[in-house]
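Q: I would like to learn how to read the features of a protein model from its coordinates. Where do we begin?

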Amino acid sequence: MAIPRSLWIGHDSHPCSLYAGARHYLHGHEVGGTNPSLLRAMGAGTAVSAYDVRFNRDVLGEGAWTFADEVEVQQRVEEADMEPQRCA
């Protein structure tokens, strides 16, 4: 699924700089425990939308943006566009 407002800029050897410069991070991991990339995005203050599984909800807390399918991914991206204060 292509999202026109997304841009792949390539590999960065310092991933935290990518999170810090991002307005919105989509976290699609569905197995395992808490993923370091989720923690990096949160630590950088980036708004996060995550796949709707228990461990992602536990880490993100109440009121988190989650998604279960590609339709909801599109909805979260649109919400981020409409609520820029939540992505500041």
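A: We begin with a helix on the sheet. Helix 4 (residues 70–82) lies across strand 1, strand 2 and strand 3 and runs at about 155° to strand 3. Keep in mind that this is a predicted model.

Q: How many helices and strands are there in the protein chain, and in what order do the elements run?

A: The protein chain has four helices and three strands. Read from the N terminus, the elements go α-β-α-β-α-β-α.

Q: How are the strands of the sheet ordered, and in which sense do they pair, parallel or antiparallel?

A: Strands of a sheet pair through backbone hydrogen bonds, and the pairing is either parallel or antiparallel. Here three strands form an open sheet in the order 1-2-3, with parallel pairing. Strand 1 and strand 3 are the edge strands, each pairing on one side only. From one strand to the next the twist averages 20°.

Q: How many bridges join the strands?

A: Strand 1 (residues 24–27) is joined to strand 2 (residues 47–51) by four bridges. One of the partners is Val48 in strand 2, which is bridged to Tyr25. Strand 2 and strand 3 pair over three bridges, again in the parallel sense. There, Ala50 has Thr66 of strand 3 as its bridge partner.

Q: Which side chains of strand 1 are buried?

A: In a regular strand the side chains alternate between the two faces of the sheet. Strand 1 shows this alternation: Tyr25 and His27 point to one face and are buried, whereas His24 and Leu26 point to the other and are not.

Q: What does Tyr25 touch, leaving aside its neighbours within four places in sequence?

A: With those neighbours left aside, Tyr25 is in contact with Tyr19, Ser37, Leu38, Ala41, Thr46, Ala47, Val48 and Ser49. Val48 is thus on the list of contacts and is also the bridge partner of Tyr25.

Q: Which residues make up the largest nonpolar core?

A: In soluble globular proteins, nonpolar side chains tend to be buried together. The largest nonpolar core here has seven residues: Tyr19, Tyr25, Leu38, Ala41, Val48, Ala50 and Leu60. Helix 2 and strand 2 are the elements that give two or more residues to this core. Over the whole protein chain of 88 residues, 30% are buried.

Q: Where do the buried residues of helix 2 lie when seen down its axis?

A: An α-helix has 3.6 residues a turn, so residues three or four places apart point the same way. The buried residues of helix 2 are Ser37, Leu38 and Ala41. They fall within an arc of 105° seen down the helix axis, so they line one face of helix 2. Helix 2 (residues 36–43) packs on the sheet, where it touches strand 1 and strand 2, and its direction makes about 165° with that of strand 1. After helix 2 comes Gly45, with a positive phi near 80°.

Q: What about aromatic rings: how many pairs does the structure hold?

A: There is one aromatic pair. Tyr51 and Phe67 form it, in an edge-to-face arrangement, 6.0 Å from centre to centre and with 70° between the planes. The pair links distant parts of the chain, since Tyr51 is in strand 2 and Phe67 in strand 3 (residues 65–67), 16 residues apart.

Q: Why is Phe67 classed as buried and Tyr51 as partly exposed?

A: A residue counts as buried under 20% relative accessible area. Phe67 is buried because its relative accessible area is 7%, while Tyr51, at 23%, counts as partly exposed.

Q: Where is Asn56, and what does it touch?

A: Asn56 is placed in helix 3 and is buried, with a relative accessible area of 0%. Apart from neighbours within four places in sequence, its contacts are His27, His29, Leu38, Ala50 and Tyr51.

Q: Where is Asn35, and what does it touch?

A: Asn35 sits in the loop between strand 1 and helix 2. Its relative accessible area is 19%, so Asn35 is buried. Not counting residues up to four places away in sequence, Asn35 touches His27 and His29.

Key. Residues numbered from 1 in each chain as written. Heavy atoms only, no water. Buried < 20%, exposed > 50% of the residue type's maximum accessible area, 1.4 Å probe, protein only. Pairing = 2+ DSSP bridges. Phe/Tyr/Trp six-rings, centres within 6.5 Å; stacked < 30°, edge-to-face > 60°. Axes fitted to C-alpha atoms, helices over the stretch in contact; angles between N-to-C directions. Contact = heavy atoms within 4.5 Å. Core = buried A, V, L, I, M, F, W, Y, C linked by side-chain atoms within 4.5 Å. Arc of directions from axis to C-beta.
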